[in-house]
Amino acid sequence: MKSIFFHLMPYPELPPDFPEQHRSVWVDIDPKLYDPTVGHQTYNAYLDQLEFAAQCGFDAVGINEHHSNGYGLMPSPNIIAAALSRNCPDTNIVVLGDSVALYNPPLRVAEEIAMLDGITGGRMIAGFPVGSPMDTIYAYGQNPATLRERYHEGVDLIRQAWTSDEVFSFNGNYNKLRYVNVWPRPVQQPHPPIWIPGGGSVDTWDWCAAEDLVYCYLSYFGYKAGLRTMQGFWKKVQELGKETNPFQGGFAQFVAVADTEAEAWDLYREPAEYFFNTCLHVYAGYADPPGYKTPNTVRAGVEGMVERAAREATARREANAADAAKAGSAKPSFGSKKLSFEEMVEKGYIILGNPTQVTEQVHELATTMNVGHLMVFSHFGNMDPELVKMNTEMYATKVMPEVAGLFEDDYEDHWWPKTDHQLAPVGSRAQ
Amino acid sequence: MNAGAPLAGHFAPGTLPYRDGHIGIVELGEGPTVGYLHGMLGNPGVHAVLEELAATGHRVAAPSLPGFTGSSEPEGLRTLHDWVVATSEVVDLAGLTGAPLVASSVGAMLALELAAVRPEAFGSMVLVAPFGLWDDGDPVADPFGTTLSVQRAMLTEDTAASAAFFDDPSDLPADMVVEHGVHRYLTRTAAAQLIWPLPEWGLADRLHRVTNPVTLVHGAKDRIIPASYLERWAGALPNVAGTHLLDEAGHQADFDQPAAVARIAAAAFA
């Protein structure tokens with residue numbers, strides 16, 4: 001099993017009363033809350049953490065794209081990938097991913113990933129999400145009724161651009177290009193592995209299963225809650241008579257390791273509460289714009305990950321309001337009842353414990369969900385950099401070796417950069 | 001006319017073949033034909049404004065645009081131009097060509113777009129809170145970046161007025177409740193497609209072509225398009241026959257004040 005150190009890059013200094021005073025961490029988060037000096041320190045600290053994870057031996061480092069978002073400071077993941085590409089010469093980089101429909105034309109993604117593949121010598125994995133409603137519909141003004149068609153056309157364009165050895169014309173509904181010619185070409189031929197981050201759309205399961213693409217469920221709610229979604233994907237794979245190769249699946253999981261369980265409970269409480277109670281303070285009105293889901297997904301009653309986050313925040317908020325009303329308070333508040341750290345751990349949102357306990361849970365996750373690619377959130381919320389370092393190193397040295405062999409003997413990972421195709425570091429990177 | 005389409009008895013008593021699918025249609029009354037082009041709520045079955053219009057001595061034909069209540073999902077409708085062509089086809093298919101028209105909200109916007117290129121598609125028009133203009137200093141609100149319950153409150157002043165759309169019929173079998181929800185979702189999707197992200201597609205530059213007499217109606221409590229837009233429309237259209245600001249009416253004043261809208265229409269079409 002591959003372990004990917006994954007970073008969301010949350011803004012670490014949202015005020016303690018953020019949930020009470022503000023409607024949403026996403027889309028209409030108050031611009032005045034952003035301090036560029038904090039941003040400068042934060043970007044550099046997070047890049048240090050990604051580079052440290054690479055040095056610790058993670059199979060890859062991973063990043064993603066969000067817009068107008070207080071818990072995701074990467075509107076352009078390719079910029080972060082570029083910053084990493086020279087300092088992590090031996091590690092693969094998972095961009096999970098570029099929201100294809102937001103690029104005009106999406107050819108830009110094909111070019112930038114090809115550039116990054118060139119710089120890294122063939123160590124890129126390209127993720128193509130539809131993108132969350134907050135990012136695509138609200139922050140970037142895409143039309144929900146046409147977003148998915150535009151997205152699929154964009155992915156089709158990128159794949160054609162990477163695989164064609166001729167200059168060609170692309171006559172799409174949303175992209176009219178007389179000359180398609182990606183220069184430079186990716187090192188990995190025909191192209192880097194393609195992973196699709198999904199949030200529960202049944203049509204995405206069908207598509208990934210049919211096209212042999214990796215389906216990644218980037219959940220914030222852990223392996224216990226994510227099981228149904230991954231089972232939905234594997235059911236589609238089985239229906240097509242294909243092999244349920246765990247390397248065709250990916251999952252994200254918060255992990256908190258310490259020498260003892262007691263120490264872990266003590267160390268990780270604050271950053272966990274910051275993430276789940278402040279960073280996930282998302283206004284429910286942004287979670288489900290009409291048209292974002294396909295009719296099949298509506299019919300199946302499948303709930304997306306951010307939709308769930310918003311719904312749970314709203315439920316807590318309403319409970320809070322009811323309590324306030326009972327207490328006779330007339331003060332309006334956006335605040336939610338807090339999710340307790342104990343609940344986060346009990347429900348599996350966070351895998352916590354000593355190395356043995358964490359290893360057992362990661363093993364359970366991988367085998368029950370049948371996933372061979374684990375995106376590990378060793379950083380979350382406003383975690384202190386020294387604690388991130390400890391968490392990262394302990395996972396890399398005490399957990400990862402215990403789970404690295406999972407699935408490796410029985411399945412081939414067709415969706416990972418092939419080492420025999422990679423180019424050795426050159427120039428100053430060679431030293 | 002075809003029957004038997006899913007939920008035919010709830011969202012569309014009748015259907016007409018259209019391209020590879022069908023459109024839903026509600027027809028009521030006898031007399032000279034009046035067309036009705038729905039707004040964001042579509043045609044949730046037979047509803048009050050249609051009954052009130054029929055009671056004024058008209059035959060009312062209310063087709064559902066592609067994707068809206070009772071019609072099949074739209075195919076190939078990506079741009080505003082596609083929608084204007086589809087509207088033109090639907091008007092002809094429903095036998096409304098040249099007839100007087102009551103249109104609301106997104107339907108009123110499409111009626112104006114069609115009239116700008118094909119004025120003969122309609123006779124006189126009564127338009128309830130059309131989308132299509134934008135003022136930076138007095139912007140149109142976003143009816144989609146919100147929860148469903150808030151959206152419902154934005155559409156009509158009296159939330160009970162939209163019950164046929166938002167509430168599942170009590171006599172519907174459980175499996176059809178799901179389909180009812182899917183139809184509701186598709187209707188909201190089609191409306192969103194027409195006005196997302198901002199409901200302004202350059203219509204103001206085309207309005208000089210709309211020579212039809214237009215009577216404007218606006219809900220005084222419209223929480224989506226401010227009531228001030230009534231005067232903006234009156235100033236922008238070349239042939240305004242009258243303006244009416246209705247108290248106790250929200251965005252879909254045709255649902256909040258169906259009798260008043262019907263009276264205004266009957267007078268305009270007399």
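This is a short walk through a predicted model, stop by stop, starting where the two chains meet.

**Stop 1: the interface.** Show chains A and B together. On the chain B side, 18 residues are in contact with 24 residues of chain A. The two chains bury about 1,700 Å² between them, with carbon and sulfur atoms giving 61% of that. Now select R78(B), Y185(B) and W196(B): within chain B these lose the most area to chain A, and together they make up 41% of what that side buries.

Stay on R78(B) and add E149(A). The two form a salt bridge, with the closest N and O atoms 2.7 Å apart. Across this interface there are two salt bridges, and 14 residue pairs are in polar contact. Colour the chain B side by class and you should get eight nonpolar, five polar and five charged residues.

**Stop 2: the core.** Next, pick F128(A), W195(A), Y220(A), F276(A), I350(A), Y395(A) and M125(B). These have the most contacts inside the largest nonpolar core, which has 224 residues. For the element that gives the most to this core, select helix α4 of chain B, residues 105-117, which supplies nine residues.

Zoom in on F128(A). Beyond its close sequence neighbours, F128(A) is in contact with a set of residues including D98(A), V100(A), Y151(A), W162(A), W195(A) and P197(A).

**Stop 3: T392(A).** Move to helix α15 of chain A, residues 385-403, and find T392(A) there. Is T392(A) buried or exposed? Its relative accessible area is 1%, so T392(A) is buried. Show what T392(A) touches further off in sequence: F5(A), F52(A), A53(A), C56(A), F58(A) and S378(A).

**Stop 4: more salt bridges.** Over all chains the count is 27. Start with K338(A) and E20(A), whose side chains meet at 3.3 Å, N to O. This pair links distant parts of the chain, 318 residues apart: K338(A) sits in the loop between α12 and α13, and E20(A) in helix α1. K338(A) is partly exposed at 45% relative accessibility, and E20(A) is partly exposed at 25%.

Then switch to chain B and select E157(B) and K221(B), a salt bridge with its closest N and O atoms 4.0 Å apart. E157(B) is in the loop between α5 and α6 and K221(B) in the loop between β7 and α8, so the pair ties together parts 64 residues apart in sequence. Both ends are partly exposed, E157(B) at 33% and K221(B) at 36%.

Last selection: D206(A), K235(A), K236(A) and E239(A), joined into one network by salt bridges that share partners.

Technical notes. Residues are numbered from 1 along each chain as its sequence is written. Chains are lettered from A and ligands numbered from 1 in the order in which they are written. This is a predicted model: local features need pLDDT of at least 70, side-chain atom pairs count only at pLDDT 80 or more; totals for chains, interfaces and linings use all residues. Side-chain values use heavy atoms; hydrogens and water are left out. Contact means heavy atoms within 4.5 Å. Buried area is the accessible area (1.4 Å probe) that two parts lose on being put together, summed over both. A polar contact is a pair of N or O atoms within 3.5 Å; within protein, one must be able to donate a hydrogen and the other to accept it, and residues adjacent in sequence count only if both atoms are side-chain atoms. Ala, Val, Leu, Ile, Met, Phe, Trp, Tyr, Cys and Pro count as nonpolar, Asp, Glu, Lys and Arg as charged, and the others, Gly among them, as polar. Helices (H or I, at least four residues) and strands (E, at least two) are DSSP runs, numbered from the N terminus. Buried means under 20% relative accessible area, exposed over 50%, partly exposed in between (1.4 Å probe, protein chains only). A nonpolar core is a set of buried Ala, Val, Leu, Ile, Met, Phe, Trp, Tyr and Cys residues joined through side-chain atoms within 4.5 Å. Lists of a residue's contacts leave out its neighbours within four places in sequence.
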